[in-house]
Structure formats: structure tokens, C-alpha cells
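Student: Before we look at any details, could you take me through this structure step by step, with the reasoning spelled out?
Tutor: Gladly; here it is, and we can begin with a term that the first count depends on.

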Amino acid sequence: MSGTRATAWNPTAPELLAAASPDRKVTVWQVPERGPAALVAVLAHHTDTVNSLAWMPDGRRLVCVCADGRAAMWDALTGTFLADLSSYDTHCTMVAVSPEGLVATVGEDGLIVVGHPDDGVRNLAIRHYDCTVECCVWSHSGRTLAVGCDDGTVDLLSAGLCLVHTVDVPGAAALTVEWAPDDASFVVGAADGTLHFFAVGGGRPVVRRRTG
């Protein structure tokens with residue numbers, strides 16, 4: 001594998017790991033506690049580099065998003081393509097799946113799409129920004145989606161993509177967001193190498209420090 005772009009552990013079978021590489025392939029591995037890893041499946045028909053991937057709660061379906069804007073769902077245990085979920089004009093930067101199976105995808109063109117693969121395209125929630133959306137992460141409860149933008153803002157959105165709260169990261173793009181286990185706070189990793197810690201509902205960082 002020529003480098004690894006993204007990895008994700010299976011939510012129902014902890015020994016299964018999906019990994020994306022720049023050669024447009026996603027491989028699924030069985031990684032036992034002891035002994036060598038075994039290849040389970042290869043998802044080889046992506047149309048561009050896979051930027052991000054996420055398992056559905058059933059532990060069988062895997063959603064992969066590509067640099068050409070495609071978001072595709074696969075049966076990761078057999079390598080069978082199932083459906084295209086959404087399409088972007090430019091890079092699709094990240095995918096996140098909630099505990100209830102809501103799939104959120106975000107893109108370089110500022111588009112955010114949320115929907116359940118079993119509900120059809122008519123039930124999609126859509127929101128658009130005038131800047132690149134770098135990342136998206138569901139809270140552990142699945143009620144709130146955090147999206148980080150290259151203008152230095154992080155929005156907390158409802159499952160229907162209504163704005164709940166906004167925080168600002170001064171002077172740098174918000175590249176990553178990670179929720180605390182109790183969903184009471186989150187940390188933002190910025191493009192200038194700093195970390196910003198926020199309490200939910202509070203617009204001011206509680207800690208700020210440079211990483212590296």
C-alpha cells in the first residue's frame with residue numbers, strides 16, 4: 001500500500017480495519033490480537049483518491065469519499081459496490097456516520113449533505129458555505145454535527161443542519177474536530193499547529209497551545 005490516507009475500525013467487529021490508500025483502493029483487514037493480519041476484501045473501483053471513510057452502524061457497509069467529489073457506499077465484506085450517496089463539484093473532504101446511521105459528507109465547494117442511505121435522496125438535508133469545509137464529526141450522542149471550515153470557524157449543527165452554535169479559531173483554518181466522550185466539550189486542530197479547546201455553548205477556547 002503506497003501510503004495510507006484514512007483508516008476506520010469496524011463498530012461491530014473490532015478486529016476489522018478499513019484503510020484507504022492514494023492508489024484509489026480501500027482494503028479491509030482482519031487484525032487479530034496475535035498473528036498476522038488477513039486481507040478480507042479490496043474495494044478497487046474508486047474514481048479518484050479516497051480522502052475519508054466511515055462504517056455504517058451495521059458493520060457491513062462502508063462509505064468512502066473521493067477527491068473527485070464522489071461519495072460511494074460498499075459492502076465492505078464482499079467488495080460489492082452498493083450506491084452513490086452524493087456528488088460534489090470538487091473534492092469531497094470527509095465523511096462521518098452517526099450512531100443512527102446518518103451519513104454526513106462535506107466538500108471543498110462548501111457543500112454539506114446529511115441523509116440516511118435507506119431513506120432516499122428526497123430526505124437529504126443540505127447546507128452550503130462560501131468556503132471549504134475541511135471536516136465533519138458527529139457527537140457521540142449523534143445529535144450534533146461539528147463542521148470545521150477553512151475560514152477558521154467551527155459550526156455545531158443539528159441533524160437537520162440547523163445552526164446551533166459557532167466558535168472561532170483566530171487566524172487559521174479548522175482542520176480537525178474531536179468530541180470529548182461526554183460531548184460537553186471538543187477540541188479543534190488548526191492549520192497553524194495549535195489546538196483549541198471549547199466547552200459546548202461557550203464561544204471562548206479554554207486552552208490554546210501549539211503542537212510541534
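Tutor: A salt bridge is counted here where a side-chain nitrogen of Lys or Arg lies within 4 Å of a carboxyl oxygen of Asp or Glu. Please keep in mind that this is a predicted model.

Student: How many salt bridges does a search of the whole structure find?
Tutor: Side chains of opposite charge can pair when their charged atoms come close. When the whole structure is searched for such pairs, the number of salt bridges found is four.

Student: Which residues are linked with Arg 61 in a network of salt bridges?
Tutor: The side chain of Arg 61 meets that of Asp 58 in a salt bridge, at 2.7 Å from N to O. The side chain of Arg 61 also meets that of Asp 118, at 3.1 Å from N to O. The residues linked with Arg 61 in the network are therefore Asp 58 and Asp 118.

Student: How many residues apart in sequence are the parts that Arg 61 and Asp 118 tie together?
Tutor: Arg 61 lies in strand S6 (residues 61–66), whereas Asp 118 lies in the loop between S11 and strand S12 (125–128). Because the two residues sit in these separate places, their pair ties together parts whose distance in sequence is 57 residues.

Student: Is Asp 118 buried or exposed?
Tutor: Its partner Arg 61 has a relative accessibility of 17% and counts as buried, while Asp 58, at 39%, counts as partly exposed. A residue is called exposed when its relative accessible area is over 50%. Asp 118 has 53% relative accessibility, so Asp 118 counts as exposed.

Student: Which residue meets Arg 70 in a salt bridge?
Tutor: Arg 70, at 15% relative accessibility, counts as buried, and the partner is partly exposed, with a relative accessible area of 47%. The two side chains meet at 2.6 Å from N to O, and the residue that pairs with Arg 70 is Asp 84.
Tutor: This pair links distant parts of the chain, with Arg 70 in strand S7 (residues 70–75) and Asp 84 in strand S8 (residues 80–87), 14 residues apart.

Student: Why is Thr 27 counted as buried?
Tutor: Thr 27 has its place in strand S3 (residues 26–30), and its side chain makes a polar contact with the side chain of Trp 29 at 2.8 Å. Buried means under 20% relative accessible area. Thr 27 is counted as buried because its relative accessible area is 10%.

Student: Which strands are the edge strands of the open sheet S13-S14-S15-S16?
Tutor: Four strands form this open sheet in that order, with antiparallel pairing. An edge strand pairs on one side only, and the edge strands here are strand S13 (133–138) and strand S16 (163–168).

Student: Which residue in S14 stands opposite Val 137?
Tutor: S13 and strand S14 (residues 144–149) pair in the antiparallel sense over five bridges. Within S14, the residue standing opposite Val 137 is Ala 146.

Student: How many residues are in the largest nonpolar core?
Tutor: In soluble globular proteins, nonpolar side chains tend to be buried together. Ile 112, Val 114, Tyr 129, Leu 145 and Val 147 touch the most other members of the largest nonpolar core, whose number of residues is 17.

Notes. Residues numbered from 1 in each chain as written. Predicted model: local features only at pLDDT ≥ 70, side-chain atom pairs only at ≥ 80, totals over all residues. Heavy atoms only, no water. Pairing = 2+ DSSP bridges. Buried < 20%, exposed > 50% of the residue type's maximum accessible area, 1.4 Å probe, protein only. Polar contact = N/O pair within 3.5 Å; in protein donor to acceptor, adjacent residues only side chain to side chain. Core = buried A, V, L, I, M, F, W, Y, C linked by side-chain atoms within 4.5 Å.
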